[in-house]
Amino acid sequence: MDRVSALDESLKKTLGPATAKVMAEHLGLHTVGDLLHHYPRRYEERGQLTKLADLPLDEDVTVVAQVADSRVLTFNAGRGKRLEITLTDGSGRLQLVFFGKGIHKPQKDLPPGGRGMFAGKVSVFNRKLQLAHPTYVPLGGDDGEEAVDSFAGKLIPIYPACKGLESWKITKAVDAVLPRAVEAVDPLPPALREGRGFVPLPEALLKIHRPGTRADIESARARLKWDEAFVLQVALARRRYADAQLPAVARTPVADGILDAFDATLPFTLTEGQRKVTAEIFADLATEHPMHRLLQGEVGSGKTLVALRAMLAVVDAGGQAAMLAPTEVLAQQHHRSITELMGALAGGGMLGGAENATKVVLLTGSMGTAGRRRALLDLVTGEAGIVIGTHALIEDKVRFHDLGLVVVDEQHRFGVEQRDALRSKGKQPPHLLVMTATPIPRTVAMTVFGDLETSVLDQLPAGRSPIASHIVPSQDKPHFLARAWERVREEVGKGHQAYVVCPRIGDDEDEKAKAKRKTAADEADKRPPLAVLEVARELAEGPLAGLRVEVLHGRMAPDDKDAVMRRFAAGEADVLVATTVIEVGVNVPNATAMVIMDADRFGVSQLHQLRGRVGRGSAPGLCLLVTDAPEASPARGRLGAVATTLDGFELSRIDLEQRREGDVLGQAQSGVRSSLRMLAVIEDEEIIAAAREEAVAVVAADPELTGSPELRTALDALLDAEREQFLDKG
């Protein structure tokens, strides 16, 4: 068997079908290599008992503790028996309970003074913490040292486990495959490994699973983190290198063209940040290989204006530009705001259009046949210099005269297949500008968007008003909620408008979907999330009676959604009760207040996005975060962070620190399991930056990696069929 296939062998063959099935279904582990890369979460030291005082309720835990006492109690007039065992570790006590015929074995296995390892879900009974029918492994008493040694050596690894597969069962499974670690292919070039003083990969795997000392764990972790960062950065560096080899048409703006005419109409000057980012984009557009740039910025920092000027520069250079938006509401909003910004310059070929005007067309899936045919004709003839649309732009029927630039808004909502399908419509690969309104910490940008150069807009344009944010604890202080509705009325009384955001819609479809995905956690929830349709009705009949209240949600017909947005933008509605469909890009400068219901049910970055819809004009913005969450809860802590800072980069960092690492990349991978098992993208900034430098050097010297076959093998494993989306930010 060669070196690669040994680790590719199915776990079925090594561990048997039953265990392999649980590992595949619950832990995503399929091969020997997968299991070798399933690292312990933490380690228990022999003789060091786990703190029972810190056990979390309703969570599966693994503890190492000593039996303090054991007793059998009877109930049901002596017909039923219950074994109660008390564990201790000096910090607290924990009760184990076993019932019926299941009491005899644990009674024999766990005498007072004995030690063991126990796993189960923590519950409370009679004000005492308990594990009911836990699984356990006795670790022997005074004469059990040998048993402990054979079980785990000096350090007992605690693995991420699941129901039906406790940590010690995983330990035994790892024991079965650990001899294969010597066959692991080392992806690091020897010079790099020796230069940085890393242990070889087989040694790192042995040390991470069966360490003799804490120093073993540290040296193994350092090596394994570096591997993950380096292989990922090599993959991204190769993508950047390959893109740089593609030919593209250089697009340089011409003097006295549409861009100059547009700039002359702007009633304000660009911020320093906008000028700097524009210079970076224009420099890329002027090269003969495709631009690949990520433009990220604060809510309201003027990304759309920067993107529009780039599109106009391409139109000046004889090309066309396409903007891809994730929803019809957003595509229509962009089309409306861009045509308004451009004025007569958007009236190409039309009466009243300016001399050097171009046509700006909208293309969405719900357009009527005649409008669609007209838009398609404008694209293929080159009559339309700018097209704004949804994924309808990607369809086969859509042809361009000369596509020069693709702008993708809210990149994380598109798969790379969609992005590349649009890019393939150019005669040569068009330039690409990706925009995101979710500020991304530098490390995450380097890890997830590492194949794109990054530009950051972190300065708000002059005239943007500050937004005050406050928590409204509706459960503790109901009068605060009453005051919130009074504040909305006051804003409307001054001639302004307000948004009310709810987590769900509340129609029949919504209820069906909710019933389908109901879990035990949902059952434990006291009530379902508040719904747009119910809240709108209650407000219109109660605290906001007499105001013009409208609703907007994603399941409305596109024409109805657009009509509601138009009425709201025109000031014909006072209050818009909506789902997060308004989260991105909706621009109504007259809207000054936002009330977010059940705010604790939204993520930190999402709340920041929503809040960015107000304060877009000259009047200050107000955002009220309504919650039932108790004061000391983590949910209230998250809301407190949102209320106290307007810095989106700081908030996104908090957001990511509070989520599991797999989720950070999981969102970027469309649900594909994260291949980062050791690397923490927020904490390991220095490792990621150093790995990126080394990766760029390796790829520049040997783009095909012909001199590093082991690195190629590691790359193929990262980009296998199951994980090919990893870099594709879908």
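In the predicted model, Ser-465 is in contact with Gly-615, Gly-617, Ser-618, Ala-619 and Pro-620, when neighbours within four places in sequence are set aside. The C-alpha atoms of Ser-465 and Gly-617 lie 6.6 Å apart, although 152 residues separate the two in sequence. Ser-465 belongs to the loop between β15 and β16 (467-473). Its relative accessible area is 10%, and because buried means under 20%, Ser-465 is classed as buried.

The chain as a whole contains 28 helices and 21 strands. Of its 730 residues, 53% are buried. The exposed surface of the protein chain amounts to about 31,900 Å², of which carbon and sulfur atoms supply 52%. Among contacts with a sequence separation of 6 or more, 74% are between residues 24 or more positions apart.

The strands on either side of the Ser-465 loop, β15 and β16, belong to two open sheets. One of these sheets has seven strands, paired in parallel, in the order β11-β12-β10-β13-β14-β9-β15. Its edges are formed by β11 (359-363) and β15 (453-457), each of which pairs on one side only. Between neighbouring strands of the seven-stranded sheet the average turn is 20°, with direction ignored. Within this sheet, strand β9 (residues 292-297) runs parallel to strand β14 (residues 431-436) and is joined to it by five bridges. One bridge partnership links His-292 with Leu-432 of β14.

Two helices are placed against the seven-stranded sheet. Helix α13 (residues 303-316) packs on the sheet and touches β9, β10 (320-324), β12 (384-389), β13, β14 and β15. The direction of α13 makes about 170° with that of β13. Helix α12 (residues 272-285) lies across β9, β13 (403-409), β14 and β15, and runs at about 155° to β15.

The other open sheet consists of six strands, again with parallel pairing, in the order β16-β21-β20-β17-β19-β18. Strands β16 and β18 (549-552) occupy the edges; each has a single partner strand, so one side of each is left without a neighbour in the sheet. Neighbouring strands of the six-stranded sheet are turned against each other by 20° on average, direction ignored. At one end of the order, β18 pairs with strand β19 (residues 575-578) in the parallel sense over four bridges. The bridge partner of Val-551 in β19 is Val-577. Helix α18 (residues 478-493) packs on this sheet and touches β16, β17 (497-501), β19, β20 (591-596) and β21 (621-627). The direction of α18 makes about 145° with that of β16.

The largest nonpolar core comprises 50 residues. The members that touch the most other members are Trp-226, Phe-230, Val-234, Leu-363, Leu-379 and Val-387. Helix α10 (residues 214-245) gives the most to this core, contributing nine residues. With residues up to four places away in sequence not counted, Leu-379 touches Gln-320, Val-361, Leu-363, Ala-384, Val-387, Val-398, Arg-399, Phe-400 and His-401. Another core, of 39 residues, lies apart from the largest one and includes Leu-305, Leu-308, Leu-312 and Val-315.

No disulfides are found in a search of the whole structure. Two cysteines can be described by their accessibility. Cys-502 has a relative accessibility of 1% and therefore counts as buried. Cys-623 is likewise buried, with a relative accessible area of 0%.

Positive phi values occur at two loop residues that are not glycine. His-133 has phi near 45° and is located in the loop between β6 (128-132) and β7 (135-140). At 41% relative accessibility, His-133 counts as partly exposed, because that class lies between under 20% and over 50%. Asp-256 has phi near 60° and is placed in the loop between α10 and α11 (258-265). With a relative accessible area of 69%, Asp-256 is exposed, because the cut-off for that class is over 50%.

Conventions: Residues numbered from 1 in each chain as written. Predicted model: local features only at pLDDT ≥ 70, side-chain atom pairs only at ≥ 80, totals over all residues. Heavy atoms only, no water. Pairing = 2+ DSSP bridges. Axes fitted to C-alpha atoms, helices over the stretch in contact; angles between N-to-C directions. Contact = heavy atoms within 4.5 Å. Core = buried A, V, L, I, M, F, W, Y, C linked by side-chain atoms within 4.5 Å. Buried < 20%, exposed > 50% of the residue type's maximum accessible area, 1.4 Å probe, protein only. Disulfide = S-S within 2.5 Å. Areas by Shrake-Rupley, 256 points an atom, 1.4 Å probe, with all protein chains shown as cover.
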